[in-house]
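Please look through the sequence and the model below before reading on. The paragraphs that follow start from one small detail and then widen to the chain as a whole.

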Amino acid sequence: MTRYLVRRIFLLVVTLVVTSFLIFALTNMLPGDIAKLVLGRDASPRAIENFEEKFGLNRPSLVQYVDWLGGFITADWGRSFTAGNPPVRDLVLSRLWNSLRLAGMTLAIVIPLSLLLGLLAALREGSWTDSFISVASLSVVGLPEFVTGIVLVNVFALALGWLPATAYIGETMSFIEWIRVLILPALTASFVLTGYITRMTRAGMLEELRKPYVRTATLKGIPYRRVVFTHALRNALLPTIAVIALSIGWLMGGLVVIENVFNFPGIGSLLVTAVTQKNLPVLQAISVLIVFFYASANLVADLLFALLNPRIRLS
């Protein structure tokens, strides 16, 4: 187990290095002169020269990458191209912390609800309960996020007045205030994920319940509930865990529409702003962080595979 973990962490580091090089190379291949795009077309040659000197854009690309990677590892992520040139690390981490809280609340809603609905549908295959859950999960997957968000705002914020319409973030907010602010964005994100994970759980559970070992264990007198929850469910969760791992990466960088609907200061909206402004240091930092979350979530998923299914070899 230890050797497997060390090897996977090593592969994680290699993945991050390779992807960081690709991210740096692709962002530096964006069309147009970055200095002119930031300063404007009327910028003087002297101003452009000073800008390139300040941010090291006049050096060879490989030297820029090595310096950038070394700075990223030592928590010096450079300076933003925007007014005042704030540190990229402070700018990104403040948004990252917001996205982590939103992702955490979303997963707290999605995981137990999806597992419960998927298990219930599988155990009552062919019944009206199964049909209702299947149709509902398929329907919510197809709903655009901005439609779901607008409906929730109109109902719970404008009509009933129970929750705030925008996800305003205050530095002195209490835990309860944070919950109230995040409920509507989290529910909006939960619709798509709940429908998808519910269907995956149902399909995996049905596949396991039809295998010979379930029938054999039942004929031996083992209670059906024990067979389901001790054996079948553990194996059925394997594909579901993979989907949840991918969902974590999406929650960290793919909630752009939801963040815009609720005016939520997350990392996704900052990424879009960095792209439109050609703010390379911010764009590069966020891209590497998103890759890190994807890779880390996959590592945790692989470890859970081994814990749930001993037949998976870690050597």
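In which loop, between which two helices, is the place of alanine 75? In this model, which is predicted rather than determined by experiment, alanine 75 lies in the loop that runs between helix 4 (61-73) and helix 5 (88-123). Its backbone deserves a look, since alanine 75 has a positive phi of about 70° although it is not a glycine. Most residues other than glycine have a negative phi. Alanine 75 is partly exposed, its relative accessible area being 32%.

A positive phi is also found at asparagine 263, where the value is about 55°, although this residue is not a glycine either. Asparagine 263 belongs to the loop between helix 11 (256-261) and helix 12 (267-276), and with a relative accessible area of 57% it counts as exposed.

These loops join elements of a chain whose secondary structure comes to 13 helices and 0 strands. Along its principal axes the C-alpha trace spans about 85 × 55 × 35 Å, and of the 315 residues of the chain, 42% count as buried. Among the contacts with a separation of 6 or more, 73% are made by residues 24 or more positions apart. The chain exposes about 17200 Å², and carbon and sulfur atoms supply 67% of that area.

How two packed helices lie against each other is described by the angle between their axes and the distance between the axes. For helix 8 (residues 175-209) and helix 10 (residues 224-253), the axes come within 8 Å and cross at roughly 145°, and the crossing is right-handed. The residues of this contact between helix 8 and helix 10 divide into 17 nonpolar, 5 polar and 1 charged.

The interior can be followed through its nonpolar cores. The largest of them has 55 residues, and those with the most contacts inside it are Trp77, Val92, Leu184, Leu251, Val282 and Ile286. Helix 13 (residues 280-308) gives the most to this core, contributing 9 residues. Valine 282 shows what such a position looks like from close at hand: leaving aside residues up to four places away in sequence, valine 282 touches Ser80, Val88, Leu91, Val92, Leu270 and Ala274. There is also a second, separate core of 19 residues, which includes Val214, Leu237, Ala245 and Ala301.

Methods. Residues numbered from 1 in each chain as written. Predicted model: local features only at pLDDT ≥ 70, side-chain atom pairs only at ≥ 80, totals over all residues. Heavy atoms only, no water. Axes fitted to C-alpha atoms, helices over the stretch in contact; angles between N-to-C directions. Helix = DSSP H or I, 4+ residues; strand = E, 2+ residues; numbered from the N terminus. Left-handed = near helix turned anticlockwise from the far one by under 90°. Nonpolar A, V, L, I, M, F, W, Y, C, P; charged D, E, K, R; others polar. Core = buried A, V, L, I, M, F, W, Y, C linked by side-chain atoms within 4.5 Å. Buried < 20%, exposed > 50% of the residue type's maximum accessible area, 1.4 Å probe, protein only. Contact = heavy atoms within 4.5 Å. Areas by Shrake-Rupley, 256 points an atom, 1.4 Å probe, with all protein chains shown as cover.
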